[in-house]
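Biologist: I have a model open beside me and would like to understand the words people use for it. Could you take me through them, one at a time?

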Amino acid sequence: MDTILIVDDNQAVCSALSLMLELNGFKTLTCFSPEEALGLVAEQEIALVIQDMNFTQDTTSGEEGKRLFYDIRASQPQLPIILLTAWTQLELAVELVKEGAADYMGKPWDDDKLLNSVNNLISLHALSRQNSQLARSEHQRMSAIKDADLCGIVFGSGAMQRCIDLALQIAKSDVSVLITGPNGAGKDKLADILYANSPLKHKPFIKVNIGALPMELLEAELFGAEAGAFTGANKARIGRFEAADGGTLFLDEIGNLPLSGQVKLLRVLQTGEFERLGSHQTRKVKVRVISATNADLAEDIASGRFREDLFYRLNVIELALPPLNQRQDDILPLVNHFIGQDFSLSKPTQQALVSYPWPGNVRELENACKRAVILAASPMLTMADFGLKPVSGLNPVSGAPSTSSVSAPSPVESQQAQEQRQNTRFAEQEAETDRAPTVDSASRGEPTGADIELALAEHNGVIARVAKSLGLSRQALYRRMEKFGIEK
């Protein structure tokens, strides 16, 4: 409940205002002199002040109220103040309003007008305080980021900002962190940030891609092996845990770790103890483990492919990295970073880059930028340089807006784009009555089941005409009809 301070030397005025405001859900405090008012403002949480302009009998100059106004402003610059007086001095009112007085009313006042002013001013004051708090928080956050080592990461989205803020917050601890997200989204960059801003940043940082290690050598790579432990092991070798002792170990693609390795990993996470392959000597290390995966570990646990107890050991804190298509504000900053200062982007190219879903995430975007720089005919990069093609804004059959604005980039093309090119080749080999469609299918967008049914109705079920109108070969049309369960 908001508290309103009423300052007036007339007790009847204070009582009338208090009754009116309390009936409308406000708490009130009253006092009769500027000195009392300043004491209450200093001690209480006040949302708004209603003050008289004269407090001494037979005084009408308004100087007392003016002094009180400036004194309150000095201690509470944002506190809204309504000036209330029986003596309306226009020049003084204008002066104080310019200095920040929220409103100025004469006596007798209009209850509805005064109440409306109170409600508006308290709402604005609450919003102003909230904005100030947000500004302070933003300043503190930016100061923390300014002092942090971001390892060259480039971003512009709020989603990535929140992810980095959390990474910087937990970097100071030594708990295990699980980074989740799709391939190519930048999980290794987050691991770098966690290490670079941790107390262990001067200690070893060992990275292991579990998915790239042969299964038969995985345990030896992680925990080491004695000479003769397996064919070709001519001398003893330390594992990655020993190499990272006292520092940080990053286990990428942790979902690919076999169950036998999971048991040993669980033990070393719990106790720091392990044995090299082919040895019975127990060794002990102290390592902070950061792991990453693109797999759904909850599903792997349910199917028995991943140990639940290991999951909770790894996942003390989870950093969930969203795919690039969920943080579109990162796309153009990343592109500008990848292409460098010698190249720029046309407006349509910028729109196309942001519209494309980038299923390969940042890795795909980086490759597309490398391609564009190599193939560019001028410093102004176009969609063609990135291998992007504009798609018609309207569906050719239904007239509805298309769901995508650009086709897949080359050389890494989607399965749909490859199939569309294959359909075109099939169409070129058909009989004269079934020639390839006149409009390249890649420029139309994939037809839906509703599009096919509408085209069948419009062309009386003549497959050759339907296929041509949709930009497909007959074989491709039949496949889609079978996919959508459409009968001729």
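Biologist: Let's begin with one residue: in which helix does Gln-262 lie?

Modeller: Gln-262 sits in helix H10, residues 259-271. Helices here are DSSP runs of H or I with at least four residues, strands are runs of E with at least two, and both are numbered from the N terminus. A word on the source: this is a predicted model, in which local features need pLDDT of at least 70 and side-chain atom pairs count only at pLDDT 80 or more, while totals for chains, interfaces and linings use all residues. Residues are numbered from 1 along each chain as its sequence is written, and side-chain values use heavy atoms, with hydrogens and water left out.

Biologist: Why does Gln-262 count as buried?

Modeller: Buried means under 20% relative accessible area, exposed means over 50%, and partly exposed lies in between (1.4 Å probe, protein chains only). Gln-262 has 0% relative accessibility, so it counts as buried.

Biologist: And what lies 2.7 Å from a polar atom of the Gln-262 side chain?

Modeller: That is the backbone oxygen of Leu-257. The backbone oxygen of Arg-305 is 3.1 Å from a polar atom of the same residue's side chain, that of Gln-262. A polar contact is a pair of N or O atoms within 3.5 Å; within protein, one must be able to donate a hydrogen and the other to accept it, and residues adjacent in sequence count only if both atoms are side-chain atoms.

Biologist: Which residues does Gln-262 touch, leaving out those up to four places away in sequence?

Modeller: Gln-262 touches Leu-257, Arg-305, Phe-306, Arg-307 and Leu-310. Contact means heavy atoms within 4.5 Å.

Biologist: Now Leu-277: why is it called partly exposed?

Modeller: The relative accessible area of Leu-277 is 25%, so the label is partly exposed. Leu-277 is found in the loop between strand E9 (273-275) and strand E10 (282-284). Beyond four places in sequence, its contacts include Glu-219, Phe-230 and Lys-264.

Biologist: What about Ala-455, buried or exposed?

Modeller: Ala-455 has 0% relative accessibility, so it is buried. Its place is in helix H18, residues 449-458.

Biologist: What makes the buried residues of H20 line one face of the helix?

Modeller: In H20 (residues 474-484), Ala-476, Leu-477, Arg-480 and Met-481 are buried. Looking down the axis of H20, these buried residues fall within an arc of 140°, so they line one face. The arc is that of the directions from the helix axis to the C-beta atoms. At the start of H20, a side-chain oxygen of Ser-473 comes within 3.1 Å of the backbone nitrogen of Ala-476. Just after H20, Gly-485 has a positive phi of about 70°.

Biologist: Let's turn to the sheets. What is the strand order in the open sheet that contains E1?

Modeller: The five strands follow the order E2-E1-E3-E4-E5, with parallel pairing. Two strands pair if DSSP finds at least two bridges between them.

Biologist: Why are E2 and E5 said to stand at the edges?

Modeller: Strand E2 (27-31) and strand E5 (103-106) each have a single partner strand, so one side of each is left without a neighbour in the sheet. Neighbouring strands of this sheet are turned by 20° against each other on average, direction ignored.

Biologist: How many bridges join E1 to E3?

Modeller: Four bridges join E1 (residues 3-7) to E3 (residues 48-52), and the two run parallel. Ile-50 in E3 is the bridge partner of Ile-6. Helix H1 (residues 11-23) packs on the sheet, touching E1, E2, E3 and strand E4 (81-85), and its direction makes about 170° with that of E2. For such angles, axes are lines fitted to C-alpha atoms, for helices over the stretch in contact, and the values run from 0 to 180 degrees between N-to-C directions.

Biologist: Which strands form the open sheet that includes E7?

Modeller: Five strands form it, in the order E7-E8-E11-E6-E12, with parallel pairing. Its edge strands are E7 (205-209) and E12 (317-320), each pairing on one side only.

Biologist: Where does the pLDDT stay under 50?

Modeller: One such stretch is residues 392-405. Over residues 409-444 the pLDDT is below 50 as well. pLDDT is the predictor's confidence in each residue, from 0 to 100. Where pLDDT is low, the predicted coordinates should not be read in detail. The protein chain averages a pLDDT of 82, and 83% of the residues score at least 70.
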